[in-house]
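The following exercises concern helix geometry, burial and the surroundings of a ligand. Each task is followed by a solution in steps.

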Amino acid sequence: KRPLIIDCDPGIDDFVAILLANSCGQFDIRAITTLGGNVLPQYTARNAKNIAAMIGLDCPIGRGAQKPLMHEIDTADYIHGVDGIGGVELPESDRPFDERPAWDIIYDEACKFPGQLEVAAIGPLTNIAILFRKYPEVVRLIKKLHIMGGSTTTGNHSPYGEFNIWEDVLAADIVFNSGVELRMVGLDCTRQGQCDKQVWHQGLQKPGLVISKLREMMAFDPTQTELYRQHRGIKPPKDVENYVPGLPDAVTMAGMIDEDLLQCQKYYVMVETTGPLTYGWTMVDWNMTTRKPFNCEVALKVDTDRITELYRQMFDFYEGK
Ligand code: BDR
Ligand code: CA
């Protein structure tokens, strides 16, 4: 099986990414590491621990950065709810955390599996940047780092800033310039990655605790909360019956599971760390004007039949569990 670490900030779509990774049968999930991002770090860590216990995933759960490298944390709780999972109560796990910091856990696993360890970074990149600064040689030990982050078009947290990059631009800059084998799955690409509507809604009706918790999370409508109104103003409620979510972290994981699911192309990508208007932008050098060597593989297109198939398998796997 392929050794994998999931570095995340669960997070509703992080939850679905973990469900996919666990159900596909391809991975030896060595650890889940967390950080502050979508919500405060104490919630992301607790969510990761509870999710793992609920799905029977027995791996170390480690905690990492409390906040971005250079400034205070600015969460996306107006999307995920203050607790990160839309107020859905998961059974509380009593398993202890792994006391090593996230970056030490990732490093230890990279040393155990040189050239084989894959890392899915589906939150801000702070843990990964600290890892690369503390252990520079690790960039050659990691087989590939798949990030959900950035966008080749518009953002979600600011006009050009996608949340994971925007949240810690310095960390992102370190990662994009690290020389690690990198895949960027940006927001624009993940927006194409929706499951077929019928498969999604039939799947959500299946019995079992895990799917019932997913169903509850999918019914959470952040746009109707006061928190959201303060950030973004008023929006009509979502039509839960017909709604198929775009789940950026899940699309990133799906692309790892099925190599033909994402169409990717190599480019040189820069992170905007200062621009007053474009702060947090991942700028792709489409025309190779900088003449810099490509630093990342940019995901451009999603095969929706393939992602639907993975979701179908996921629902089958958790049925009754
Ligand atoms: C990313 O930001 C978070 O809100 C999601 O979990 C995802 O990782 C999307 O911009
Ligand atoms: Ca995330």
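The expected span of a helix is 1.5 Å times one less than its number of residues. The model examined here is predicted.

**Exercise 1.** Determine whether the end-to-end distance of helix H2 (residues 41-54) agrees with the expected span.

*Solution.* Step one: H2 has 14 residues, so at 1.5 Å a residue the helix should span 20 Å. Step two: the end C-alpha atoms of H2 are 20 Å apart, which agrees. Step three: beyond the helix, Gly56 follows with a positive phi near 75°.

**Exercise 2.** Establish how far H2 is enclosed, and by what.

*Solution.* Step one: a residue counts as buried if 20 or more other C-beta atoms lie within 10 Å of its own. Step two: 10 of the 14 residues of H2 are buried, and the helix is therefore largely enclosed by the rest of the structure. Among them are Tyr43, Arg46, Lys49 and Ile51. Step three: the cover over these buried residues includes strand E1 (2-8), helix H1 (12-23), strand E2 (27-34) and strand E3 (61-63).

**Exercise 3.** Apply the span and burial analysis to H1.

*Solution.* Step one: the 12 residues of H1 reach 17 Å from first to last C-alpha, close to the expected 16 Å. Step two: 12 of the 12 residues are buried, so H1 is largely enclosed by the rest of the structure. Step three: just after H1, Gly25 has a positive phi of about 80°.

**Exercise 4.** Describe the shell around ligand 1.

*Solution.* Step one: 16 residues surround ligand 1, the closest being Gly11, Ala76, Phe163, Pro248 and Asp249. Step two: H1, helix H7 (163-167) and helix H13 (248-257) each give two or more residues to this shell. Step three: the shell divides into 7 nonpolar, 5 polar and 4 charged residues.

Note on methods. Residues are numbered from 1 along each chain as its sequence is written. Chains are lettered from A and ligands numbered from 1 in the order in which they are written. This is a predicted model: local features need pLDDT of at least 70, side-chain atom pairs count only at pLDDT 80 or more; totals for chains, interfaces and linings use all residues. Helices (H or I, at least four residues) and strands (E, at least two) are DSSP runs, numbered from the N terminus. Two residues are in contact if their C-beta atoms, placed from the backbone, lie within 7 Å. A residue is near a molecule or strand if its C-beta atom, placed from the backbone, lies within 6 Å of it. Ala, Val, Leu, Ile, Met, Phe, Trp, Tyr, Cys and Pro count as nonpolar, Asp, Glu, Lys and Arg as charged, and the others, Gly among them, as polar.
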